Amino acid sequence: MAVGHGDSSSSDKKSTDALTDLQTFNAENLQSNMKVIYYSRTFLSIIGGVIAGILGFKGLIGFVFYFLVMAVTSAALTAKAKFSIHSYFDTWNRVLLDGFFGGLMSFVLFWTYPSRF
């Protein structure tokens, strides 16, 4: 059966279903979730930098250690969200990359600071 001008009810139903399937986020909750990610990464970067400094990691090994700490942090945040990232964030990039470079600066500061004394 071909769709004619009088069969608009089925196309209206499809468009309303598409609108209800679109997930919306509360801006305050999304911002709160982003703060948690940023603070978690910063805190774990500081702790990781102190541990790397105490263990005496130098050069490339120290940066590899930072990437491992951030990978564990991303995995822990994903597990905390019960592996349903799209319920709490709009993209996976929020969990994987946000706060990465800010954390790197904190890591380097605390990684190299104890070695100067």
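These legends walk through several close-up views of a predicted model.

**View 1. An edge-to-face pair of phenylalanines, F100 and F101.** The ring centres of F100 and F101 lie 5.4 Å apart and their planes meet at 85°, so this pair is edge-to-face. The two partners sit in contrasting surroundings: F100 is buried, at 15% relative accessibility, whereas F101 is exposed, with a relative accessible area of 60%. In total, the model has 10 aromatic pairs.

**View 2. A tilted pair, F107 and W111, within helix α5.** Here the rings are 5.3 Å apart, centre to centre, with 40° between the planes, which makes the pair tilted. Both residues belong to α5 (residues 100-112) and are four residues apart, about one turn of the helix. That spacing is worth a moment's thought: an α-helix has 3.6 residues a turn, so residues three or four places apart point the same way. F107 is buried, with a relative accessible area of 0%, and W111 is buried too, at 9%. Step back a little and you will find F107 and W111 in one aromatic cluster with F57, F63, F65, Y66, F67, F100 and F101.

**View 3. Helix α3 and the neighbours it packs against.** Helix α3 covers residues 60-80, and its 21 residues should span 30 Å at 1.5 Å a residue; the end C-alpha atoms are 30 Å apart, so the two values agree. Buried residues of α3 include G62, F65, Y66, V69 and M70, and further along T73, S74, L77 and T78. What do these buried residues pack against? Their partners are α2 (27-55), α4 (92-96) and α5.

**View 4. The largest nonpolar core.** Nine residues make up this core: A52, F65, Y66, V69, M70, F100, L104, F107 and W111. Helices α3 and α5 each supply at least two of its residues. If you focus on L104, you will see that it touches F63 and Y66, leaving aside residues up to four places away in sequence. There is also a second, separate core of eight residues, which includes L30, M34, F89 and V95.

**View 5. Helix α5 and its buried residues.** At 1.5 Å a residue, the 13 residues of α5 should span 18 Å, and the end C-alpha atoms are 18 Å apart, so expectation and model agree. F100, G103, L104, S106, F107 and W111 are buried in this helix. The buried residues of α5 pack against α2 and α3.

**View 6. Two positive phi angles in the loop between α3 and α4.** Most residues other than glycine have a negative phi. Which way does K82 go, positive or negative? K82 has a positive phi of about 60° although it is not a glycine, and F83 likewise has a positive phi of about 60° without being a glycine. K82 is found in the loop between α3 and α4, as is F83. K82 is exposed, at 66% relative accessibility, and F83 is exposed at 62%.

**View 7. Spans annotated as transmembrane in the record.** An unreviewed UniProt entry lists residues 38-57, 63-83 and 95-113 as "transmembrane region". In the model, residues 38-57 are 90% helix and 0% strand, with end C-alpha atoms 25 Å apart. Residues 63-83 are 86% helix and 0% strand, and their end C-alpha atoms lie 27 Å apart.

Key: Residues numbered from 1 in each chain as written. Predicted model: local features only at pLDDT ≥ 70, side-chain atom pairs only at ≥ 80, totals over all residues. Heavy atoms only, no water. Phe/Tyr/Trp six-rings, centres within 6.5 Å; stacked < 30°, edge-to-face > 60°. Buried < 20%, exposed > 50% of the residue type's maximum accessible area, 1.4 Å probe, protein only. UniProt positions renumbered as here; feature names shortened; annotations may be inferred. Expected span 1.5 Å × (residues − 1). Contact = heavy atoms within 4.5 Å. Core = buried A, V, L, I, M, F, W, Y, C linked by side-chain atoms within 4.5 Å.
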